[in-house]
Amino acid sequence: MILFRLDASIQGERSVSRQVADTAEAAWRRARPDGRVIHRDLATTPVPADAWALAVTGNATPEELRTDAQRDAIALAAELADEMAQADAYVLAVPLYNYGVSQHVKTWLDLLFTDPRFAPGTEPLLAGRPTALVITRGGGYGEGTPRAGWDHATPWYRRMFGDLMRMDLHVSEVELTLAEVHDSMAPLRPLAKESLRAGHESAERHGRVIAGQTASALT
């Protein structure tokens, strides 16, 4: 059994998305004690910003005419694709930054999509594979809040992983993660604690669910 885990937060040990993903991973490990985890940390090892363009142009260039940089980008895309393809289940921890998608996640996915196994128009390789998706947001974006409609990340994450790649998503969302950091958000701290508690409970449940789905798929 193999679990692929993705982290993208730049906050290190302070990262809420990492903490909630830890809960999901721990639940999976308890259910699958003989399992193995592949970890891709996009904050400590980011995908180079120019890799996507190099892979795209490299794939359109005869092999003998490719530059070393193009070959390196194509090889990195294959490495990312290998990691995803061999896993049975997934924990994806992705934050909202500046009202949008983490640049690290976008760059990673763009390069992944250059590999022939994940190219647009092909049958989704990961269709139906169980996935615990952890999404964190520093503020509140629900209906009736001042920033309602400003969350441009969550729909995109759902679209890419759920609709495009057709992974079987189990989503945990945590809001107001910056309430403990900014004094201006102090009145929201009780709500933040409740959101975090619910997020951990959800991630614990989803970790068990994706472990069970993994086992069921192989029996």
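Here is a short talk about a pocket and two of the residues in a predicted model.

Student: What should I know about the model before we start?
Tutor: Residues are numbered from 1 along each chain as its sequence is written, and side-chain values use heavy atoms, leaving out hydrogens and water. The model is predicted: totals for chains, interfaces and linings use all residues, side-chain atom pairs count only at pLDDT 80 or more, and local features need pLDDT of at least 70.

Student: Is Arg137 buried or exposed?
Tutor: Buried means under 20% relative accessible area, exposed over 50%, and partly exposed in between (1.4 Å probe, protein chains only). Arg137 has a relative accessible area of 6%, so Arg137 is buried.

Student: Which residue shares a polar contact of 2.8 Å with the side chain of Arg137?
Tutor: A polar contact is a pair of N or O atoms within 3.5 Å; within protein, one must be able to donate a hydrogen and the other to accept it, and residues adjacent in sequence count only if both atoms are side-chain atoms. At 2.8 Å, the side chain of Arg137 has such a partner in the side chain of Glu173.

Student: Is Gly138 buried or exposed?
Tutor: Look at the relative accessible area of Gly138, which is 13%. That value makes Gly138 buried.

Student: How many charged residues are in the lining of the second largest pocket?
Tutor: Asp, Glu, Lys and Arg count as charged, Ala, Val, Leu, Ile, Met, Phe, Trp, Tyr, Cys and Pro as nonpolar, and the others, Gly among them, as polar. A pocket is an open set of points on a 1 Å grid over the protein atoms alone, where a 1.4 Å probe fits, with protein on both sides within 12 Å along at least five of seven lines; lining residues have an atom within 4 Å of a point. This lining has six nonpolar and five polar residues, and its charged residues number three.
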